Amino acid sequence: MNKEKSVRKLILIDLDKTLIDRNYKTTLPEAHLATFFTEVQGVGVTIGISSDSAIGTIEDFARRCSIRGPIIAENGSLVSTLAKPGIFEKNMPGKNFFPKLRGVLSEKLHDKTTVVIIGNANPLAVLLKGSNYNLGVVDTIILINGYRQASISFFVIKKTRGVWKSTNGSMEKVLEAVKEIAIANLGIYYDECCFDINPEYGICIIRKKGMQKSSAIPRIKRKYPGYRIFVIGDSMGDFYDVEGITHCAVSNASREFKKRCQLVAKKPYSKGVVELIGEIVKQ
Ligand SMILES: [Mg+2]
């Protein structure tokens with residue numbers, strides 16, 4: 001790797017279905033990635049993560065993989081860095097709006113047949129889906145992510161013919177109740193929110209309208225002036241539509257996103273990320 005390159009580079013990597021697979025695991029061993037990222041950062045390339053996940057979840061990945069650059073969390077709502085922990089950009093309606101709503105939801109949604117769990121929702125969802133655990137009369141589990149600050153995400157998992165799974169029908173039913181609770185309890189900010197449903201993951205995310213990963217770019221540019229910014233991702237959510245950003249896709253990315261990319265990897269997930277960073281370092 002060439003230390004003499006004059007333009008400094010910042011690479012922002014997406015997590016879901018880019019660095020990690022559907023089971024929230026890297027597809028190369030974390031120790032291997034940590035060695036690779038340490039080497040690349042050693043020649044002056046800055047590596048960060050830009051994800052829809054909660055800041056704590058991203059920080060955990062960053063630490064385990066030795067990624068030391070900026071962290072953009074909850075779809076551009078929060079910006080932080082491991083070197084200097086603490087959020088330096090927040091973009092959300094009202095103070096504590098989402099944590100407050102999360103508390104109200106957990107109180108109001110549970111009943112005889114529905115259990116609400118607040119905590120580390122992603123691994124719990126992976127554990128539950130496809131299993132046949134017997135929870136007696138309980139046939140619906142709502143898993144709310146306990147770490148988000150500028151949004152709320154929840155899985156709805158329902159026992160259907162003996163197996164726990166996410167279905168559109170069960171999500172719609174819970175979403176109706178969630179909307180009623182949100183309007184009744186936190187009316188004035190309701191119109192500022194949107195409800196994103198991802199049927200593939202069986203998850204709903206409530207966030208401020210208009211938030212996207214690129215919302216964090218002005219702050220990132222102030223913090224990293226003159227850097228050439230590269231984005232590595234898998235979907236149109238990773239298309240920043242900001243001048244001067246080079247978009248790169250892992251091989252498992254959507255066709256639509258690949259069409260917008262200057263670099264497309266031959267390999268998927270973590271291996272594709274390593275392949276693309278190798279190309280970027282050479283440029
Ligand atoms: Mg993704």
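**Valine 115, strand E1 and the overall fold**

Valine 115 is found in strand E6, which spans residues 114–119, in what is a predicted model. With 16 other C-beta atoms within 10 Å, valine 115 is partly exposed, a class that lies between the buried residues, which have 20 or more such neighbours, and the exposed ones, which have 12 or fewer. When residues up to four places away in sequence are left out of account, the residues that valine 115 touches are His110, Val138 and Ile141. Lysine 25 is separated from valine 115 by 90 residues in sequence, and the C-alpha atoms of the two lie 27 Å apart in space.

Strand E1, formed by residues 9–13, presents another environment: five of its five residues are buried, and the strand is therefore largely enclosed by the rest of the structure. The side chains of E1 are divided between two directions, with Lys9, Ile11 and Ile13 pointing one way and Leu10 and Leu12 the other way, and the residues of both sets are all buried.

The pairing of E1 involves strands E12 and E2. Five bridges connect E1 to strand E12 (residues 228–233), and these two strands run parallel; within this pairing, isoleucine 11 stands opposite phenylalanine 230 of E12. Strand E2 (residues 46–50) is joined to E1 by four bridges, again in a parallel arrangement, and here isoleucine 13 of E1 stands opposite isoleucine 49 of E2. The connection between E1 and E2 includes helix H1 (residues 30–42), and the three elements together make a β-α-β unit that is right-handed.

At the level of the whole chain, eight helices and 14 strands are assigned. The radius of gyration of the chain is 20 Å, which is close to the 19 Å given by the globule rule for 283 residues, so the chain is as compact as a globular protein of that length. Taken along the principal axes, the box filled by the C-alpha atoms has dimensions of roughly 65 × 40 × 35 Å. Buried residues account for 41% of the 283 residues of the chain. Among the contacts in the chain with a separation of 6 or more, 56% are made by residues that stand 24 or more positions apart.

Conventions. Residues are numbered from 1 along each chain as its sequence is written. This is a predicted model: local features need pLDDT of at least 70, side-chain atom pairs count only at pLDDT 80 or more; totals for chains, interfaces and linings use all residues. Two strands pair if DSSP finds at least two bridges between them. A crossover is right-handed if, with the strands pointing away from the viewer, the path from the first strand over the helix to the second runs clockwise. The radius of gyration is taken over C-alpha atoms; the globule rule is 2.2 Å times the number of residues to the power 0.38. Two residues are in contact if their C-beta atoms, placed from the backbone, lie within 7 Å.
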